[in-house]
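Grab a pencil and have the model open beside you. Here are some short exercises, each with a worked solution.

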Amino acid sequence: MIATLALLQVFVIAAGVYLVVNGSERIPIQAAAPKPAPTPIVTAPPVLIAALDGPLPAKSTLTTLLRDAMGDPGIGGKVAGAVIDTETGQTLFDGGSTTALTPASTTKVVTGTAALASIGADVTFATTVMQNAPGKIVLVGGGDPTLAGPKADPRDHYPRAASLQTLAARTAKALKTAGVTSVTLSYDASLFQGPTTAPGWKPTYVPEGSASPVTALAIDEGRVVPRQDFPRSANPPADAAQAFGGLLAKYGIKVGKTIKPAKAARSDQQPAQELARVESAPVYALVERMLTESDNDLAEALARHVAIAEKQPHTYAGQAKAYLAVLARLGITEGIEVHDGSGLSTANKITPAALAKLVALGASPQHPELHSMVSGMPVAGFTGTLGKRYTEADSRAGAGLVRAKTGTLDGVNTLTGLVHSADGRLLSFAFMANGVTDPGKTVKALDRLATLVSRAA
C-alpha cells in the first residue's frame, strides 16, 4: 500500500504543470490526461451516402439482364422501365422509358417533390379556433388531415400529430379567462375548394376506405375509428366539429345544440380573434410518412397545399397546374400528367423516365430541400409497403439495399426508387406494369428487377 501511494505521488508531481504568477508565485495545476478518441459505432450507411468513384455499370450488361427479366411472362400486360445514374443524369437502361403508364401510388413521389419544393420542408398546418364575436366561435380547418380526434392517441405513429383535445383545452382556457362559459360553435372548412373526390377516382374508393373526401377540416384522416380504414366519414368537417364541441363541454364550456358551417370573419369585416391553435408536424415529416405508409389522405392534403402555395385555385384542377409549375422550375417538363396527389386516379399518366429523374433529384446534393422525399421511401424487407417483400430467392439480395416507393391499383403495379450498384454508383430506377392479371407474380418480378440493378457492375 505504501509503495502504491508513493508511486501515485510521483505520478501527480510528474503530471503537474506550474504557472508563473507575477514572476514569482508558482501554482501547481494537475494536467488533464488526454481523452482517447471515441470508437465510432458502425451502423447502416446513410440514406444519401456519397456514391463511390467506381465505374458506371456496363449498359450492355444491364440492358441484357433487365430486358430478359422484363420479358418474364409472369409480369403480364405492358411493362416499361428506366435506370439513371444520379450523378451524371445518364440513362443506363431504357426499356420504353418514355411510355406513359398509370403510376398508381408512385404518384406520391411527384406529390412529395412538389410539396418540399413549393410549400417548404419546415412549414406546418394550423387548425385554429377563431372568435367572430363574444360567445361565437369557429373551428377553422387548416388542411391537416392528421389532426388526432378524441379517440386517438397522437403518439401512435410518426410524426406525432396535433390533437383536437389539446385545441379544446386551450380554447376553453382562453374563453374562461375572458369570462365566457357558453358559446355557439360553427366550423370553417373553406380552405379547400371544389369536388372532394378526384377525376379518375372510382366511386367505391371512399366507401371501401381507400380515402376520405378531401376537406380542409378532418380528424383521424376522416376515419370513424382511428387507424381503421373502414368506415370513412361522409362529412369529415361536421364530424370534427361535433367531436370538438363534445370536448369543450368536458372542459366546462357549454356549446349550443346547432353546429353548422360558417366562415371566420375576414379582414375587410370585423377581424376575428384567434383563441387557440395547434399545428401539424412539419412538411418534411409529413412527406416521409406519406411515402412510407403510402398515405392517400395525407397525399391529397399536401397536393392541395401545393396549389395554395403556387397561388392556384384550391381545387384538383388548381393543384394539377401547380404541379406543372413546380416541376418546370426543377427542369422536368415532360412525362407527367396527374389529376390527384395520391395516385388513386386512373387518369394519371407518368413515364418511367420522369419518375427516375424525380427520384434522382431527391438524392441530388444540389437539392437538399428534397432529401426527405428519399428518406421517406420504404426500405426493402424492412419498412412500410416494402416491409414484407424481397423474400424470394431472386430478390432477397435486395433486402436492405433497395429504397423505393410502391404503386398498386387494379391491373397496375409500379416501383421507383434508389439503389447503389455493386461498385457504389447511386442509381435511380422506375419499373411500371399496366394490364396486370396476376399482381402477386408482377410484384415479385418488379422486386427482382430492382435487385438486378443493385447487383449491376
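The exercises below look at two helix pairs.

This is a predicted model, where local features need pLDDT of at least 70, side-chain atom pairs count only at pLDDT 80 or more, and totals for chains, interfaces and linings use all residues. Residues are numbered from 1 along each chain as its sequence is written, and side-chain values use heavy atoms, with hydrogens and water left out.

**Exercise 1.** Work out how helix 3 and helix 10 are oriented to each other.

*Solution.*
- Start with the spans: helix 3 covers residues 107-118 and helix 10 covers residues 352-363. Helices here are DSSP runs (H or I, at least four residues), numbered from the N terminus.
- Next, the geometry: they pack at an angle of about 40°, with axes 10 Å apart. Axes are lines fitted to C-alpha atoms over the stretch in contact, and angles run from 0 to 180 degrees between N-to-C directions.
- Now classify: angles under 35 degrees are roughly parallel, over 145 roughly antiparallel, 65 to 115 roughly perpendicular and the rest oblique. The pair is therefore oblique.

**Exercise 2.** Find the residues where helix 3 meets helix 10.

*Solution.*
- Contact means heavy atoms within 4.5 Å.
- On helix 3, look at V109, V110 and T113; their partners on helix 10 are L355, L358 and V359.

**Exercise 3.** Do the orientation job again for helix 8 and helix 9.

*Solution.*
- Helix 8 is residues 296-309 and helix 9 is residues 316-329.
- Their axes come within 8 Å and cross at roughly 70°.
- Helix 8 and helix 9 are therefore roughly perpendicular.
- For the contact, helix 8 brings E300, A303, R304, V306 and A307, while helix 9 brings Y316, G318, Q319, A322, Y323 and V326.

Notes: Helix = DSSP H or I, 4+ residues; strand = E, 2+ residues; numbered from the N terminus.
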